[in-house]
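Visitor: Could you take one part of this model and look at it closely with me, going slowly, as I am in my first year? I would like to hear about the helix and what lies around it, and then how the rest of the chain is laid out.

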Amino acid sequence: VPVTSVDILYEPEKIFTTQSIQLSAIVKPDNATFRTVAWSSSNEKVATVDENGVLKALAPGTVTITATAGGVTDSFILTVVTYTSSDVVATVDSKEFFSLRDAVAAAANGGTVVLKKNVDNVLFVEEGQKLTFDMNGFSCAAISNKGSVVVTGNGTIICDDFAIINFGTMEIRNGSFSATSSSDISSPAVVSNAGTMIISGGSFKAVGGFAVDVVSETTKASLTILGGTFEARFAVCGFDSSENYGATGDLRPEISISGGEFTGTEYAIAAEDTIITISGGRFVGGTADLAAVGDSNVKISGGVFPSKNCIETSVTSEGESYELSGSISISGGSFGSMIPSSYLEKGYVVVIGTGSLYNVVPASSSGDDDDDPVPVPIPSQKSDDGDDNSVAIVAVVAGCVAVAIIAILVVAMRKE
């Protein structure tokens with residue numbers, strides 16, 4: 001069976017003297033009779049390649065590297081240079097590299113790429129590659145991940161649209177990432193996640209658009225936020241787009257938040273057909289702190305939602321109306337307005353907290369030790385002029401069927 005093609009997988013454009021790189025090539029078809037690849041160099045004083053495809057740079061110059069199998073060839077032109085420290089883009093295990101691509105190839109089996117200068121290149125991590133990207137206080141153009149990558153080192157990315165795109169597995173530990181509006185994209189996202197992502201820290205800011213969007217396409221997307229600051233039109237947004245890709249099953253994206261600061265000029269959290277769990281964090285939105293529509297399921301056990309319109313379940317956008325058909329379940333947190341009784345989990349009530357906030361707490365912590373409706377008293381407060389203002393909130397827990405809250409505000413002003 002004759003060979004039809006030979007394809008060298010990795011073709012470095014430039015390497016420096018004393019550097020060694022492993023080359024490989026794919027021979028087609030798979031059942032070809034002569035599949036063994038023979039490597040050759042047009043000038044072995046500049047670079048050599050052994051029978052295993054190990055390329056060694058020896059001296060400055062330009063050379064053609066060729067792979068041959070069954071009379072079919074593939075080749076590329078390589079430049080070998082003498083380097084200075086300013087030419088080094090990144091290191092892997094103390095080995096120096098001129099490009100991010102070369103460094104990623106060397107670290108793709110669980111190694112660490114350490115950035116050594118600001119670069120205008122995108123860090124591409126392909127499927128099957130696994131590495132740590134230590135930005136080392138420097139910057140790159142963007143990060144595109146289909147494999148597995150941990151981003152650390154307090155680096156910086158500033159771009160027009162997407163700073164980070166993830167289809168694989170990614171953890172972001174720190175750094176500063178921002179996206180600005182462009183003529184091509186009216187709603188840029190700093191981070192666009194269609195895979196699995198953990199954010200434990202960092203700053204994420206967009207002029208408009210999204211700080212982080214979580215979109216299920218062909219698989220379920222998930223996002224876990226442990227901390228960080230997020231600022232945009234929508235700080236965090238979840239959306240199930242799997243139907244557009246022909247995928248079936250429940251692929252609603254899942255978002256879990258236990259900490260962080262979220263500020264949205266419209267919404268701090270916006271979700272359509274998304275599963276959200278919130279146990280901590282502070283969420284401030286210009287229109288509402290949280291908006292949930294479609295088949296979204298929201299569970300809140302902590303966090304601060306200080307706006308008067310803290311939760312919104314009916315949204316009109318560009319002439320289209322969206323309503324919540326899913327559910328909201330609250331068992332903790334602080335809110336800028338009274339929570340509808342239908343949102344409260346059984347056994348939880350609302351009490352007045354500090355700073356004009358309403359806190360959701362277990363009924364037992366408010367003196368309710370059984371299933372009977374029990375009022376939750378709020379201590380009387382004195383006004384500045386000495387008037388006695390009696391304030392009371394009556395919170396009613398409605399047995400096993402549903403939870404209802406009746407808030408009665410009584411103000412009695414009596415002057416001497």
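Guide: Of the 416 residues in the protein chain of this predicted model, 46% count as buried, and it is useful to keep that share in mind when we turn to single residues. The chain holds one helix and 40 strands, and among its contacts with a separation of 6 or more, 44% are between residues that are 24 or more positions apart.

The helix you asked about is α1, residues 100-107, and its buried residues are Leu100, Asp102, Ala103, Val104 and Ala107. The cover over these buried residues includes the strands β2, β10, β11, β12, β13 and β14, of which β12 spans residues 109-115 and β14 spans residues 130-134.

The helix also takes part in the lining of the largest pocket, which has a volume of about 1,000 Å³. That pocket is lined by 35 residues, and the closest to its centre are Tyr10, Arg101, Asp102, Ala105 and Ala106. The largest share of the lining, six residues, comes from α1, while β2, β3, β11 and β13 are also among the elements that each supply at least two residues. Sorted by class, this lining is made up of 17 nonpolar, eight polar and ten charged residues. Asp102 therefore appears twice in our picture, once as a buried residue of α1, where buried means under 20% relative accessible area, and once among the residues closest to the centre of the largest pocket.

Just before the helix in the numbering, the loop between β10 (90-92) and β11 (95-97) contains Ser94. The phi of Ser94 is near 75°, a positive value in a residue other than glycine. Most residues other than glycine have a negative phi. Ser94 also counts as exposed, because its relative accessibility is 69% and the cut-off for exposed is over 50%.

Two of the strands met so far lead on to sheets. β2 belongs to an open sheet of four strands, in the order β2-β9-β8-β5 and with mixed pairing. Because β2 (14-16) and β5 (38-41) stand at the edges with a single partner strand each, one side of each has no neighbour in the sheet. On average, and with direction ignored, neighbouring strands of this sheet are turned by 30° against each other. At one of these edges, β5 is joined by four bridges to β8 (residues 61-69), and the two strands run antiparallel; within this pairing, Ala38 has Thr68 of β8 as its bridge partner. The loop between β4 (25-28) and β5 contains Pro29, and the peptide bond from Lys28 to Pro29 is cis, with omega near 0°. Most peptide bonds are trans.

β3, for its part, belongs to an open sheet of three strands in the order β3-β7-β6, with antiparallel pairing. Its edge strands are β3 and β6 (47-49), each of which pairs on one side only, and neighbouring strands here are turned by 15° against each other on average, direction ignored. Three bridges join β6 to β7 (residues 54-57), and Ala47 stands opposite Ala57 in β7.

Further along the chain we come to the second largest pocket, with a volume of about 740 Å³. Of the 33 residues that line this pocket, Phe210, Phe234, Cys237, Phe239 and Glu272 are the closest to its centre. The strands that each supply at least two residues of its lining include β24 (210-216), β26 (229-240), β28 and β31 (288-293), and the lining as a whole has 17 nonpolar, nine polar and seven charged residues.

One residue of β28 is Ala270, which counts as buried because its relative accessibility is 10%, below the cut-off of 20%. Leaving aside neighbours within four places in sequence, Ala270 is in contact with Phe234, Val236, Cys237, Gly238 and Ala291. The C-alpha atoms of Ala270 and Asp213 are separated by 9.4 Å, although these residues are 57 residues apart along the chain. In the loop between β28 (261-272) and β29 (275-278) we find Asp273, whose phi is near 55°, again a positive value in a residue other than glycine.

Conventions: Residues are numbered from 1 along each chain as its sequence is written. This is a predicted model: local features need pLDDT of at least 70, side-chain atom pairs count only at pLDDT 80 or more; totals for chains, interfaces and linings use all residues. Side-chain values use heavy atoms; hydrogens and water are left out. Two strands pair if DSSP finds at least two bridges between them. Axes are lines fitted to C-alpha atoms, for helices over the stretch in contact, and angles run from 0 to 180 degrees between N-to-C directions. Buried means under 20% relative accessible area, exposed over 50%, partly exposed in between (1.4 Å probe, protein chains only). On a 1 Å grid over the protein atoms alone, a cavity is a set of points where a 1.4 Å probe fits but cannot get out, and a pocket is an open set with protein on both sides within 12 Å along at least five of seven lines; lining residues have an atom within 4 Å of a point. Grid points are joined across faces, edges and corners, and a volume is the space filled by probe spheres set on the points. Ala, Val, Leu, Ile, Met, Phe, Trp, Tyr, Cys and Pro count as nonpolar, Asp, Glu, Lys and Arg as charged, and the others, Gly among them, as polar. Contact means heavy atoms within 4.5 Å.
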